[in-house]
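The following explanation leads the reader through one structure, beginning with a pair of helices and then turning to salt bridges. The reader is invited to keep the sequence and the model in view throughout.

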Amino acid sequence: MKYLIVLVAGILLVAVGCKKNDTIAPPPTQPVNPADTSLQKMLPFKVGAAVNVNLMQNNTRYNNLVKAEFNSITAENAMKFGTLHPGQFTYNWTQADYLVSFAQANNKRVHGHTLIWHQSIPDWVTNFAGDSTAWENLMKTHIQTVVTHYKGKVTSWDVVNEALNDDGTMRNSIWRQKLGDDYIARCFQYAHQADPTALLFYNDYGHEYSATKRTAINNLLVSLKNRNIPIHGTGMQFHTRYNQTDANIAAAINTAAATGLLVHVSELDIAMNPDNVQGLVFTATLAEQQAAKYKFVVRTFKNIPQAQQFGITTWNVTDGDSWIPTQYNRPDWPLPFDRNYARKPAYYGMLEGAK
Ligand code: XIL
């Protein structure tokens, strides 16, 4: 009898143990993220991601995740000058066209990134020999060829990207050197001529860490608006970090809204290893701190006037394809999905922020 009781107890224990394990690890055929909910369903404004065309085409899980979670997409690199316009008389539309067709087939908004920037400049531009009229024509032709190609298909453009320094002065890019400070205004006019219905954004970074820079950006944009230059929105990249203060984040978002322009948090990621610690481990505590920061960004954004909420776009999709580890040569986990495509606490932080 004693042995029988021990045997039965043993069987029960094993059974309970198995059950527990079953609930922890779903069978491999189950999707990582159940289809019950998604960012696009739960957030009261557009939510996007910057996507990598190669992964979109060759990685089904990545493609399915983008389809399920987001209702806006930005090309991570496919619409940059160097990719689209590698020779003076050569345009390479293949990758960007793929994204636009994907968006049309799946009912997603496309945000175009970016027409004029100091990076992704092809050699033929760096080496271009011409007077200021020829340079003006080069810039105008690029903008108008690209915007016309996507007319009616791309909702909005980052017309000029990162034209200011952190101290608020004008970045001395090749465009400024050749065309003077007011090239920015003319870029907007050229884009507007090519597609009068496209929403045109100025995009930059640093709003949350530099009061000087955000003031300079906001002043520039308000002055363009007051001159009736066709500018509709401000893009704040928000490549930020988990220990950025809530006060700074709120100041960035609220002062952007005070310009009266549309507001796009355009490249959001929240770095967890800003001090470049090589052996850092992403603990549950760090994950919770990241979740709180994502929540705060979403909550603050949700509280600006609804008509100005253009949306929030994350820069990349998962920790496995984030540009941060490559860019800074360090381990990091900046996004709401982990490298196995599973939702992180940061994901649920975003949902919480929207409540
Ligand atoms: C980055 C891409 O993610 C990288 O793949 C590329 O090598 C360099 O550009 N600000 C921007 C984006 O406006 O275009 C940048 O994207 C990230 C910083």
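**Helix packing and salt bridges**

In this predicted model, helix α13 (residues 284-302) packs against α15 at an angle of about 30 degrees, and the two axes lie 7 Å apart. Because angles under 35 degrees count as roughly parallel, α13 is described as roughly parallel to α15. The crossing in which α13 passes α15 is right-handed.

Both helices contribute a set of residues to this contact. From α13 come Ala-287, Glu-288, Gln-290, Ala-291, Tyr-294, Lys-295, Val-298, Arg-299 and Lys-302. From α15 come Pro-345, Ala-346, Gly-349, Met-350, Glu-352 and Gly-353. Sorted by class, the contact of α13 with α15 comprises 7 nonpolar, 3 polar and 5 charged residues.

Attention may now turn to the charged side chains. The model contains 10 salt bridges. One of them joins Glu-69 to Arg-343, whose closest N and O atoms are 3.0 Å apart. This pair links distant parts of the chain: Glu-69 belongs to helix α4 (residues 60-69), whereas Arg-343 is found in the loop between α14 (324-328) and α15 (345-353), and the two are 274 residues apart. Are these partners buried or exposed? Because buried means under 20% relative accessible area, Glu-69 is buried at 2%, and Arg-343 is buried at 11%.

The loop that holds Arg-343 also supplies a partner to another salt bridge, formed by Asp-319 and Lys-344 with closest N and O atoms 2.8 Å apart. Asp-319 lies in the loop between β9 (309-314) and α14, and Lys-344 lies in the loop between α14 and α15, so this bridge ties together parts that are 25 residues apart in sequence. Both Asp-319 and Lys-344 are buried. Elsewhere, Asp-166, Asp-204 and Lys-213 are joined into one network by salt bridges that share partners.

A further salt bridge brings together the side chains of Arg-176 and Asp-181, at 2.5 Å from N to O. How does the accessibility of this pair turn out, and what class does each partner fall into? Arg-176 has a relative accessibility of 26% and therefore counts as partly exposed. Asp-181, at 41%, likewise counts as partly exposed. The Arg-176 and Asp-181 pair is thus partly exposed at both ends, whereas the bridge between Asp-319 and Lys-344 has two buried partners.

Definitions and conventions. Residues numbered from 1 in each chain as written. Predicted model: local features only at pLDDT ≥ 70, side-chain atom pairs only at ≥ 80, totals over all residues. Heavy atoms only, no water. Salt bridge = Lys/Arg side-chain N within 4 Å of Asp/Glu carboxyl O. Helix = DSSP H or I, 4+ residues; strand = E, 2+ residues; numbered from the N terminus. Buried < 20%, exposed > 50% of the residue type's maximum accessible area, 1.4 Å probe, protein only. Axes fitted to C-alpha atoms, helices over the stretch in contact; angles between N-to-C directions. Parallel < 35°, antiparallel > 145°, perpendicular 65-115°, else oblique. Left-handed = near helix turned anticlockwise from the far one by under 90°. Contact = heavy atoms within 4.5 Å. Nonpolar A, V, L, I, M, F, W, Y, C, P; charged D, E, K, R; others polar.
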